[in-house]
Amino acid sequence: MLDQQNEYAIGVDIGGTKTLLALVQGNGTIVQQQQFATLPEQGVEDFISRIEASILSLIAGMPEAGKLKGIGICSAGVIDAAELSIVYAANLGWHNFKLGAILQERFGVPVILGNDANLAAVAEYVWGTQKQAKHLIYVTVSTGVGAGIISNGQLLQGISDSAGEFGHISVDLRGERCRCGNYGCLENYSSGTALAHIANERLEKREEPWTSKMVLEQADAGHLGALELVQQAAFYLGNGIVTLIHLFNPTQIIFGGGVMSSENLLFVLMKQIVEQRALPDMRKQVELRRTNLGKEIAVLGAAGMFFMNE
């Protein structure tokens with residue numbers, strides 16, 4: 001068996017505006033990165049040609065003795081992991097785009113397709129904790145809310161690779177209807193989108209519309225209206241985290257996403273709710289912290305799928 005120092009995987013993170021690729025060594029070192037504008041409006045054939053060129057460039061940077069284990073792809077939207085297809089990505093306008101299958105045929109290596117929260121959890125497990133935390137959950141709070149769950153060193157994906165839809169658990173059974181069809185979803189109260197939406201409905205009008213960043217900054221500065229919204233978001237998010245602790249009994253819950261990018265009041269208040277409401281013995285066993293893997297977390301996780309069980 002080859003030493004992991006000579007084994008590599010390529011991670012791909014497809015975003016609405018940019019696509020990031022990285023060649024990742026078996027020890028978690030990012031050897032090279034490539035980035036290009038996604039430009040979905042130019043069509044899938046154009047995107048395929050540009051991603052293939054970037055992958056070829058990364059492969060050319062591997063040592064002669066290196067082995068490419070596979071290509072992992074992180075994409076937003078509805079994903080068919082078995083068919084290696086992006087079924088629908090609203091932010092990209094893609095329907096039934098079999099990107100993974102195309103790349104697998106083109107490069108002759110295994111390809112894995114996953115969503116951002118699941119692959120971020122893999123990154124934390126494989127690279128962040130060096131596989132020491134066998135039971136962890138990664139929670140992303142950004143435009144939406146999601147979770148990736150590692151249990152006994154394995155990623156929980158469910159029958160259709162859809163496990164971890166944390167943002168769509170009901171935290172207010174009589175709450176407003178969510179775009180998903182459910183009522184009172186966590187995402188309606190604690191996501192960046194929700195903070196901005198509620199602020200623009202309830203708070204004073206400004207020259208520029210409220211954003212989640214503005215709400216968090218103003219709450220930290222003592223703005224009473226913004227503080228009330230952050231307290232509400234923290235209340236619902238904290239109770240959701242308590243549910244995760246009680247269901248999965250993890251040793252770590254790690255937070256990422258734009259809303260959790262700093263040690264802001266939302267993060268502090270959320271932890272206080274968890275302290276108050278979680279079963280004491282289970283609460284003592286879990287560490288709540290923010291990720292330190294940075295913007296490369298998705299590509300690290302996509303590559304990390306090929307090192308999960310080694």
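Q: In this predicted model, what makes W94 buried?
A: Its relative accessible area is 2%. Buried means under 20%. The value falls under that cut-off, so W94 is buried.

Q: How do you know whether F97 is buried or exposed?
A: F97 has 5% relative accessibility. The limit for buried is under 20%, so F97 counts as buried.

Q: The structure holds 8 aromatic pairs. Why is the pair of W94 and F97 called edge-to-face?
A: Two numbers decide. The ring centres are 4.8 Å apart, and a pair needs centres within 6.5 Å, so the rings pair. The planes stand at 80 degrees, and over 60 counts as edge-to-face, so that is the class.

Q: Which residues do ring pairs link into a cluster with W94 and F97?
A: F36 and F47. Ring pairs join these four residues: F36, F47, W94 and F97.

Q: What makes K69 a charge over the face of F307?
A: K69 lies 5.7 Å from the ring centre of F307. The distance limit is within 6 Å, with a further limit of within 35 degrees of the ring normal. K69 is listed as lying over the face.

Q: Where does R206 lie relative to W210?
A: Over the face of its ring, at 4.4 Å from the ring centre.

Q: Why is α7 called oblique to α8?
A: The axes of α7 (residues 224-248) and α8 (residues 265-277) cross at roughly 45 degrees. Roughly parallel needs under 35 degrees, and roughly perpendicular starts at 65. The angle fits neither class, so α7 is oblique to α8. The axes come within 7 Å, and the crossing is right-handed. By class, the contact has 15 nonpolar, 4 polar and 1 charged residues.

Q: What makes the phi of L39 notable?
A: Most residues other than glycine have a negative phi. L39 is not a glycine, yet its phi is positive, about 50 degrees. L39 sits in the loop between β3 (30-37) and α1 (44-60). Its relative accessibility is 30%, between the limits of 20% and 50%, so L39 counts as partly exposed.

Q: How do you know whether L84 is buried or exposed?
A: L84 has 9% relative accessibility, under the 20% limit, so L84 counts as buried. L84 also has a positive phi, near 55 degrees. Its place is the loop between β5 and β6 (85-89).

Q: Why is G77 called partly exposed?
A: G77 has 46% relative accessibility. Exposed would need over 50%, and buried under 20%. The value lies in between, so G77 is partly exposed. G77 is in the loop between β4 (67-75) and β5 (78-80).

Key:
Residues numbered from 1 in each chain as written. Predicted model: local features only at pLDDT ≥ 70, side-chain atom pairs only at ≥ 80, totals over all residues. Heavy atoms only, no water. Axes fitted to C-alpha atoms, helices over the stretch in contact; angles between N-to-C directions. Helix = DSSP H or I, 4+ residues; strand = E, 2+ residues; numbered from the N terminus. Parallel < 35°, antiparallel > 145°, perpendicular 65-115°, else oblique. Left-handed = near helix turned anticlockwise from the far one by under 90°. Nonpolar A, V, L, I, M, F, W, Y, C, P; charged D, E, K, R; others polar. Phe/Tyr/Trp six-rings, centres within 6.5 Å; stacked < 30°, edge-to-face > 60°. Buried < 20%, exposed > 50% of the residue type's maximum accessible area, 1.4 Å probe, protein only.
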